[in-house]
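Here is a set of exercises to work through with the model open beside you. Try each task on your own before reading its solution.

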Amino acid sequence: MSEFWLISAPGDKTNLQAWERMNTVTSKSNLSINSKFHIPDLKVGTLDALVGLSDELGKLDCSAESVIKKIAQYIGEVMEDSKDKVQENLLANGVDLISYLTRFEWDMAKYPIKQPLKNITEALAKQVTQIETDLKTRSAAYNNIKGNLQSLEKKTVGNLLTRTLADIVQKEDFVLNSEYLITLLVVVPKSSYIQWQKTYESLSDMVVPRSTKMIAEDAEGGLFTVTLFRKVMDDFKAKARENRFMVREFYFDEKELKCEKEELMKLASDKKQQYQPTVASVVSAPEPLPMVRWQLLCLSSQGPLLRWLKVNFSEAFVAWIHVKALRVFVESVLRYGLPVNFQAMLLQPNRKSVKRLRDVLNLVFKHLDEVAAASIMDPGMDIPGLQLSNQEYYPYVYFKIDLSILD
């Protein structure tokens, strides 16, 4: 996204002519795209109050910028399968951010201009703080469910040596409730299928003949059952390992497998309650264990979390731009004095012409502060008595709106 400069200069006849000259030069030379930025007549209060408010607004500006950046980043995380569509979801009052900025209108309903500036600032601060608090709560809940689902996914997508077998084995595959016999599960490499069939009965004494059966297969090998007497189990495992047949430490427990399946279904249920997907997504959902990927997709694309993020990104962005407008108003009154009379403008610099644009602005408006303008045009000049803060300072009021933080 782009960078914008929100600037202002006195609104008297001389400076309005300077505005027109600047606007003509920058537009014709393709230095920037300019538009007027309308700030309503706000209640000024005392100059002392404005000085204190200037500091508060500076802090609130940083705070609001941080919140919208966090929300934008989180939208990117939540939309991990559709990152190319993230920018489409970063809207302000239903329009793209550049359109909102260039057509900015003060929200009279949310921030009544008859209120003192202090009250408006406090309302904005409260709104930004509440959004940040809610974001922490919702992101924690999302991360918890996502983490649990990812843990279960790891169990279902590993190879036959590591993955869960709850969705593979059946009760009929095992000899159960026998005092003497036990059924083991053995992972055999694909290249060793023939060797397994020829040798498994002789790996140890007391192996039940023709008791092996392949019940699952993946890219690396197959999962075979084999039944033998309990007392030769350790000897059989050792001989199998020597032949590169890996015995899975698995014993069929119907209750345990049922609990594992119920845990997955409970997670799916919890997810639906908090992040209910669209009807189309529900219809296309696969069956229990393979549905983990679908659950993650729903978490990251269709649920109320994304809707909340989109709505509150808009709210936070709108609040941020109102803070910028307040800063321009306060700084313009402090800089240019009373009665309130200034003109604000939004510039979208051409990236290749930033330095030239800055030179043009300094030249046009240097009369507003000759000393500061001289130091800017010649940074090497040592001018006694001029103390500039860490914030960028120009003869005109200037604040940057950097939308590249949302890329």
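## Exercise 1: The sheet around E1

Strand E1 and strand E9 (residues 342–349) run antiparallel and are joined by 6 bridges. Keep in mind throughout that this is a predicted model.

**Task.** Work out in which order the strands of the open sheet containing E1 and E9 are arranged, and which strands form its edges.

**Solution.**
- Step 1. Begin with the pair named above: in E9, Met345 stands opposite Ile7.
- Step 2. Turn to the other partner of E1. Here 6 bridges join E1 to E10, and the two run antiparallel. Leu6 has Phe399 of E10 as its bridge partner.
- Step 3. Now look for a further partner of E9. E2 is joined to E9 by 5 bridges, again antiparallel, and Ile33 stands opposite Gln348 in E9.
- Step 4. Put the pairs together: the 4 strands form an open sheet in the order E2-E9-E1-E10, with antiparallel pairing. Strand E2 (32–36) and E10 are the edge strands, each pairing on one side only. From one strand to the next, the twist averages 25 degrees.

## Exercise 2: What covers the sheet

**Task.** Find which strands are touched by H10, and decide how many residues of E1 are buried.

**Solution.**
- Step 1. Helix H1 (residues 13–28) lies across E1, E2 and E9, and runs at about 10 degrees to E9.
- Step 2. H10 also packs on the sheet, where it touches E1, E9 and E10. The direction of H10 makes about 165 degrees with that of E10.
- Step 3. Count buried residues, taking under 20% relative accessible area as the cut-off. In E1, 7 of the 8 residues are buried, so this strand is largely enclosed by the rest of the structure.

## Exercise 3: A ring pair and a charge

**Task.** Classify the ring pair of Trp5 and Tyr398: stacked, tilted or edge-to-face?

**Solution.**
- Step 1. The model holds 20 aromatic pairs, with ring centres within 6.5 Å as the criterion.
- Step 2. For Trp5 and Tyr398 the ring centres are 5.8 Å apart and the planes stand at 85 degrees; an angle over 60 counts as edge-to-face, so this pair is edge-to-face.
- Step 3. Place the two residues in the chain. Trp5 is in strand E1 (residues 3–10) and Tyr398 in strand E10 (residues 397–402), 393 residues apart, and the pair thus links distant parts of the chain. Trp5 and Tyr398 are both buried.
- Step 4. Widen the view: ring pairs link Trp5, Trp19, Phe365, Tyr394, Tyr396 and Tyr398 into a cluster.
- Step 5. Add the charge. Arg358 lies over the face of Trp5, at 3.7 Å from the ring centre, and also over the face of Tyr398, at 4.4 Å from the ring centre.

## Exercise 4: A second sheet

**Task.** Explain why one side of E6 and of E8 is left without a neighbour in their sheet.

**Solution.**
- Step 1. Take one pair: strand E5 (residues 181–189) and strand E7 (residues 221–229) run antiparallel and are joined by 9 bridges. Leu184 stands opposite Val226 in E7.
- Step 2. Write down the order. This open sheet has 4 strands, E6-E7-E5-E8, with antiparallel pairing.
- Step 3. Strand E6 (213–217) and strand E8 (246–248) stand at the edges with a single partner strand each, so one side of each has no neighbour in the sheet.
- Step 4. Ignoring direction, neighbouring strands of this sheet are turned by 35 degrees against each other on average.

## Exercise 5: Backbone geometry and confidence

**Task.** Say where the cis peptide bond is, which loop holds Met206, and where the pLDDT is below 50.

**Solution.**
- Step 1. Recall the background: most residues other than glycine have a negative phi, and most peptide bonds are trans.
- Step 2. A cis peptide bond joins Leu338 and Pro339, with omega about -5 degrees. Pro339 lies in the loop between helix H10 (304–336) and E9.
- Step 3. Asn93 has a positive phi of about 55 degrees and sits in the loop between strand E3 (91–92) and strand E4 (95–96).
- Step 4. Met206 has a positive phi near 65 degrees, and its place is in the loop between helix H5 (193–199) and E6. Met206 is partly exposed, with a relative accessible area of 34%.
- Step 5. The pLDDT averages 86, and 85% of the residues score at least 70. Over residues 274–302 the pLDDT is below 50, and this stretch has 69 contacts in the model beyond near neighbours in sequence. Residues 381–390 also have a pLDDT below 50, with 9 such contacts.
- Step 6. Where pLDDT is low, the predicted coordinates should not be read in detail.

Notes
Residues numbered from 1 in each chain as written. Predicted model: local features only at pLDDT ≥ 70, side-chain atom pairs only at ≥ 80, totals over all residues. Heavy atoms only, no water. Phe/Tyr/Trp six-rings, centres within 6.5 Å; stacked < 30°, edge-to-face > 60°. Buried < 20%, exposed > 50% of the residue type's maximum accessible area, 1.4 Å probe, protein only. Lys NZ or Arg CZ within 6 Å of the ring centre and 35° of its normal. pLDDT = per-residue confidence, 0-100. Contact = heavy atoms within 4.5 Å. Pairing = 2+ DSSP bridges. Axes fitted to C-alpha atoms, helices over the stretch in contact; angles between N-to-C directions.
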